[in-house]
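Please work through the following exercises with the sequence and the structure at hand. Each task is followed by a solution in steps.

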Amino acid sequence: MSEQTYKLFCMGNPLLDICVNADEELLKKYGLKANDSILGEEVHLPLYEELVNNYKVEYVAGGATQNTGRSVQYLLPSKTTIYFGCVGKDKYADIMRKVAEKDGLIVDYLVDNEHPTGTCAVIITANLSAANHYQKSKHLDLPEKWKIVENAKFYYIGGFFLTVSPDSMLKVAKHAAENNKPFMTNLSAPFLCQVPAFKNSMKELVPYWDIIFGNESEAEAFAISENWETRDVKEIALKMAQFPKENTKFPRVAIITQGSEPTIVAYQETGKVEEIPVIPIDKKEIVDTNGAGDTFVGGFLSQFIQGKSIKDSIKAGHWLANINLKRIGSSLPDEKIPYPC
């Protein structure tokens with residue numbers, strides 16, 4: 001595998017999404033809220049077996065960055081993208097590997113014999129388990145693994161990986177900057193801007209942001225953490241774009257999604273901000289919003305790594321997210337729909 005060159009390198013927390021159609025009673029049983037995302041606690045652990053045993057399950061190779069990698073592969077030839085992460089030595093890892101590779105995503109997992117594979121009950125809760133135990137020294141630093149990183153041309157690592165291995169993110173980001181290759185990441189969740197340990201790791205990474213993604217609530221949380229008075233998404237995006245950079249050859253771009261509202265794009269080079277409308281969708285057609293953000297980034301990357309403009313890449317992100325909104329989790333149709341670029 002190490003001899004193969006992959007255009008896009010991704011790294012994150014792999015979680016096997018266990019997707020089901022359930023009712024309010026299941027949420028109440030475990031003290032959960034609809035349209036919410038939390039990290040699982042001990043009280044939630046029986047939920048996963050209950051889903052597998054009592055419901056019709058659809059398995060999806062999940063975790064935010066793995067979702068994005070799979071979405072990239074939906075629009076590009078197989079083996080364009082490789083993904084690093086940590087899993088357990090169990091049936092869930094086997095299922096996730098098969099599902100990911102069926103989607104055309106090449107996965108290179110570090111296997112942790114002491115912790116089970118991370119799982120996610122879609123829309124309800126996540127149990128990170130092995131995903132939370134990625135160790136740079138046991139995987140990324142190995143010469144044959146680092147060679148994969150060196151051979152890649154583009155890099156995307158979701159912000160959630162700041163909770164697991166910020167030193168891995170920083171190593172990849174520095175390599176990207178030193179070799180004038182785009183490094184892209186995501187704010188991912190408000191708590192990453194609010195918890196001091198994660199915020200400090202994020203601040204170390206800021207100079208290496210070439211493209212930074214986020215949504216409006218994450219952007220607001222970031223603004224608050226920076227003690228900015230503004231809550232205007234356009235102003236926040238522009239401020240994010242204007243932070244000093246390590247790689248000055250690649251002016252930063254900040255991209256903030258707003259659900260059904262236009263996506264905000266701020267450019268460091270020009271100091272300008274533009275709005276790009278999303279594709280309208282009837283609320284009745286929306287099945288699940290869980291994976292739309294990850295899928296948007298995947299659609300964007302699928303075009304950006306081919307040399308398309310920021311604006312054209314965002315349009316592809318909107319198109320793919322629109323398809324995903326009509327499905328459960330971060331899934332896409334088995335039969336690929338050609339992108340009408």
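**Exercise 1.** Determine how many salt bridges the structure holds, and which residues one network of them joins.

*Solution.* The model is predicted, and it holds 14 salt bridges. To identify the pairs, apply the cut-off: a side-chain nitrogen of Lys or Arg must lie within 4 Å of a carboxyl oxygen of Asp or Glu. The side chains of Lys102 and Asp103 form such a bridge, at 3.5 Å from N to O. Lys102 has a relative accessible area of 58%; because exposed means over 50%, Lys102 counts as exposed. A second pair is Lys245 with Asp210, whose side chains meet at 2.6 Å, N to O. Through shared partners, salt bridges join Arg70, Lys102, Asp103 and Asp334 into one network.

**Exercise 2.** For the salt bridges Lys145 with Asp108 and Lys245 with Asp210, state where the partners lie and whether they are buried or exposed.

*Solution.* Begin with Lys145 and Asp108, which meet in a salt bridge of 2.9 Å, N to O. Lys145 belongs to helix H5 (residues 143-151) and Asp108 to strand S5 (residues 106-112), so that distant parts of the chain, 37 residues apart, are linked by this pair. Both Lys145 and Asp108 are buried.

Turn next to Lys245 and Asp210, in a salt bridge of 2.6 Å from N to O. Lys245 is found in the loop between helix H10 (233-241) and strand S11 (253-258), and Asp210 in the loop between helix H8 (196-205) and strand S10 (211-215); the pair therefore ties together parts 35 residues apart in sequence. Lys245 and Asp210 are likewise buried.

**Exercise 3.** Describe how helix H11 meets helix H12.

*Solution.* First consider the axes: those of H11 (residues 292-304) and H12 (residues 310-324) come within 7 Å and cross at roughly 140°. H11 is therefore oblique to H12. The crossing is right-handed. Next consider the residues in contact: H11 contributes residues including Phe296, Gly299 and Phe300, while among those of H12 are Ile314, Gly317 and Leu320. Sorted by class, the contact has nine nonpolar, seven polar and no charged residues.

**Exercise 4.** Establish where Val149 lies and which residues Val149 touches.

*Solution.* Val149 is part of helix H5. With a relative accessible area of 0%, Val149 is buried. Leaving aside residues up to four places away in sequence, Val149 touches Phe9, Phe84, Leu140, Tyr155, Val172, His175 and Lys181. As a final step, consider Ile236: Val149 and Ile236 are 87 residues apart in sequence and 32 Å apart in space, C-alpha to C-alpha.

Terms used:
Residues are numbered from 1 along each chain as its sequence is written. This is a predicted model: local features need pLDDT of at least 70, side-chain atom pairs count only at pLDDT 80 or more; totals for chains, interfaces and linings use all residues. Side-chain values use heavy atoms; hydrogens and water are left out. Buried means under 20% relative accessible area, exposed over 50%, partly exposed in between (1.4 Å probe, protein chains only). Helices (H or I, at least four residues) and strands (E, at least two) are DSSP runs, numbered from the N terminus. Axes are lines fitted to C-alpha atoms, for helices over the stretch in contact, and angles run from 0 to 180 degrees between N-to-C directions. Angles under 35 degrees count as roughly parallel, over 145 as roughly antiparallel, 65 to 115 as roughly perpendicular and the rest as oblique. A crossing is left-handed if the near helix is turned anticlockwise from the far one by less than a right angle, and right-handed if clockwise. Contact means heavy atoms within 4.5 Å. Ala, Val, Leu, Ile, Met, Phe, Trp, Tyr, Cys and Pro count as nonpolar, Asp, Glu, Lys and Arg as charged, and the others, Gly among them, as polar.
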